[in-house]
Structures are given as structure tokens and as C-alpha cells.
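User: I'd like to learn how to read a few features from a model like this one. Could you take me through them step by step?

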Amino acid sequence: MATFTDWVEGARLRTLPAAIAPVLVGTGAAHALGASSLPRALLAAGVALSLQVGVNFANDYSDGIRGTDAVRAGPARLTGSGAARPGAVRAAAFASFAVAGVLGLALCAVAQTWWFLAVGAVAVLAAWGYTGGKRPYGYRGLGEVAVFVFFGLVAVLGTTYTQALRVSWPALGGAVAIGLLACALIMVNNVRDTPTDSVTGKHTLAVRLGDAGARRAYVALVALPLLVGAVIALAHPGALLVLLLAPRVWRLARVVLGGAGGRDLIVVLRDTGLLELAYGVLLTVGLVL
């Protein structure tokens, strides 16, 4: 029987910065428009965190029953390792999506943005369809596209809109930057799993690009947000704060391009999540100043 620690590991806490960072940036952009709201930001954060945990459990379940997680370089999964029944993991995913739905309903009620319910429904379907269903798009190299859209554009711009009822081009720039960093998270995760994914039919973008190409793509994904921050600084000079992260980006790029693999990439995955969170904090400060 899975322990509490196993379930916490199954939630993949190292990926949660991908849920927090867009809410921070979206709230910072709303503040720059003169309309930030802490209660709405907290509701948006709850939605994002619940969706992220739901995605993680859904992936654990779907990959596990397909046998994709039978042999892993990274931490063992609940379903693939047999630590938890597949039905229990699936129930955890649905419960997380339900929490996201309730919080999303509350956010729409407060902001009077009822049409966002449709956006939320599509987000849940996308979360399940990543590795679930008969034709999971994550197995066809489209995972990064969905992550960029939902954990970048939708999360940042949705947060801004539910507070300010409009968006701005700096908000769009922040959405692009956060989306790229979220894609970097999934890219380095898939680089680590390429040896097993390639033989189990999971053709992620990393598998399609090949090891060298995927590593170069990761470097581009963590470096481009610095350029985006410089562009946002044309309207909000404080956004230049994100350039403080250049040394961290350089170190991560060196490790990945240097051929790190297996458990060494787990550290890179963690540090990429922290990079996204730090970027979100610094950009938010830059937008508020």
C-alpha cells in the first residue's frame, strides 16, 4: 500500500512552480493595469495548483497502465511501481480536477467571467488527454504545445483578465516567457526519459528531436524568456530584474549540453522549476514597480 510520502511524490511537487509562476505574473500585470485582487489571485492559484496535481496523477495513471513507467530513470510512479491501485490514482486525478472546477467556479462568480468555465473545461480535457485516452497527444510530441498554451498563455492572461477584465501586451509577453519555461520543464523531463520512452512508443518531442536536438531545444526554452523580459522592460523597466537569472540559465545550459542524464537530470528538473518560479517572482516585482 502506498504511503503518504509515496502520494506526495506522486503529486510531483517539483513541478508546482509551473502553476504558481503564471498566477504571479498575471497578477503583476493586473496590478500594472491598476486592478489587482488578492482574493482572485488566490483562487486562480488554487485552480492552477489543482490542475497541475491532477495532470501529474493522470499521467501517473495513464503511463502506468500502458507500461510506459515500468522502467524509469526517474522516481518510481505510483501505478507503474504497483505501490497504488490504478483506480486509486485515477480517483486522485479526478478529485484534483474537481477541486480545480469548484475553485474555478468561485473565481468566475467573483469576477463575473462565466465564459471562462468553457476555458476551464477545455483545460481539464487537455490535462487528461496528455497521456490518457485512446490517442494521447503527449505520445505524439504535442505535450509542449499544450503546456505552452495552458500553463503559459491561458494561465497568465486568464489571471490578468479575471482581475482587470482586460489584458496588456506586457501580460502577453509574460505569458510567452512563462510558457517557454514550462515547456523547458517538460522537455528536460522527457530528455531524461528518452531511452525508455523511445522503446515503449511514447514519441515525445524529445524523442522526435533526438537527444542532441532536445538538449539544444531546452537551452533555447530557458534562454528566450530573458530576451522577452528585456522587451517587457520597454514598458516596465523593472522587468530587467529577470536578467539576474542569466548565470543560473548558463549553469543549467552547461549541465544539459554537457550530456547529463538519468538522476542528474532530476536535479536539473528541480532547478528548472525553481528558475521558473524565480522568473515569475522577479517579473512580477518588475511589473509592480
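User: Is Arg270 buried, partly exposed or exposed?

Analyst: Happy to start there, and please keep in mind that this is a predicted model. Buried means under 20% relative accessible area and exposed means over 50%, with partly exposed in between. Arg270 has 42% relative accessibility, so Arg270 counts as partly exposed.

User: Which residue forms a salt bridge with Arg270?

Analyst: The general idea is that side chains of opposite charge can pair when their charged atoms come close. Here the partner of Arg270 is Asp271, and their closest N and O atoms are 3.0 Å apart. Asp271 has 15% relative accessibility, which is under the 20% cut-off, so Asp271 counts as buried. This pair therefore joins a partly exposed arginine to a buried aspartate.

User: How many salt bridges does a search of the whole structure find?

Analyst: The search finds four. Another of them links Arg192 with Asp193, with 3.0 Å between the closest N and O atoms. Arg192 is buried at 4% relative accessibility, and Asp193 is buried too, with a relative accessible area of 6%.

User: Where do Asp211 and Arg215 lie?

Analyst: Both are in helix α9, four residues apart, or about one turn of the helix. They form a salt bridge whose closest N and O atoms are 2.9 Å apart. Asp211 is partly exposed at 40% relative accessibility, whereas Arg215 is buried at 7%.

User: What does Arg215 meet, along with the other contact residues of α9?

Analyst: Arg215 belongs to a group in α9 that also includes Arg216, Tyr218, Val219, Val222, Ala223 and Leu226. On the other side of this contact is helix α10, with Ala246, Val249, Leu252, Ala253, Val256 and Leu257. So Arg215 takes part in the contact with α10 as well as in the salt bridge with Asp211, and is counted as buried.

User: At what angle do α9 and α10 pack?

Analyst: The angle is about 175 degrees, and the helix axes are 9 Å apart. That makes α9 roughly antiparallel to α10, because angles over 145 degrees are counted that way. In sequence terms, α9 covers residues 205–232 and α10 covers residues 246–257.

User: Let's move to the surface. Which residues make the nonpolar surface patch?

Analyst: The patch consists of Trp169, Leu224, Leu227, Val231 and Leu234, and has an area of about 540 Å². Helix α9 supplies the largest share, three residues. Trp169 lies in helix α8, which spans residues 169–197. With a relative accessible area of 46%, Trp169 is partly exposed.

User: What is special about the phi of Gln112?

Analyst: When reading backbone angles, look at the sign of phi and at the residue type together. Gln112 has a positive phi of about 60 degrees although it is not a glycine. Gln112 sits in the loop between α5 (86–111) and α6 (116–129). At 56% relative accessibility, Gln112 is over the 50% cut-off and so counts as exposed.

User: And where is Leu165 placed?

Analyst: Leu165 is in the loop between α7 (143–164) and α8. Leu165 also has a positive phi of about 60 degrees without being a glycine. Its relative accessibility is 46%, so Leu165 counts as partly exposed.

Terms used: Residues are numbered from 1 along each chain as its sequence is written. This is a predicted model: local features need pLDDT of at least 70, side-chain atom pairs count only at pLDDT 80 or more; totals for chains, interfaces and linings use all residues. Side-chain values use heavy atoms; hydrogens and water are left out. Patches are made of residues with over 30% relative accessible area and no salt bridge: like charges are joined within 9 Å, nonpolar side chains (Val, Leu, Ile, Met, Phe, Trp, Tyr) within 5 Å. Accessible areas come from the Shrake-Rupley method with a 1.4 Å probe; for residues, only the protein chains shown count as cover. A salt bridge is a side-chain nitrogen of Lys or Arg within 4 Å of a carboxyl oxygen of Asp or Glu. Helices (H or I, at least four residues) and strands (E, at least two) are DSSP runs, numbered from the N terminus. Buried means under 20% relative accessible area, exposed over 50%, partly exposed in between (1.4 Å probe, protein chains only). Axes are lines fitted to C-alpha atoms, for helices over the stretch in contact, and angles run from 0 to 180 degrees between N-to-C directions. Angles under 35 degrees count as roughly parallel, over 145 as roughly antiparallel, 65 to 115 as roughly perpendicular and the rest as oblique. Contact means heavy atoms within 4.5 Å.
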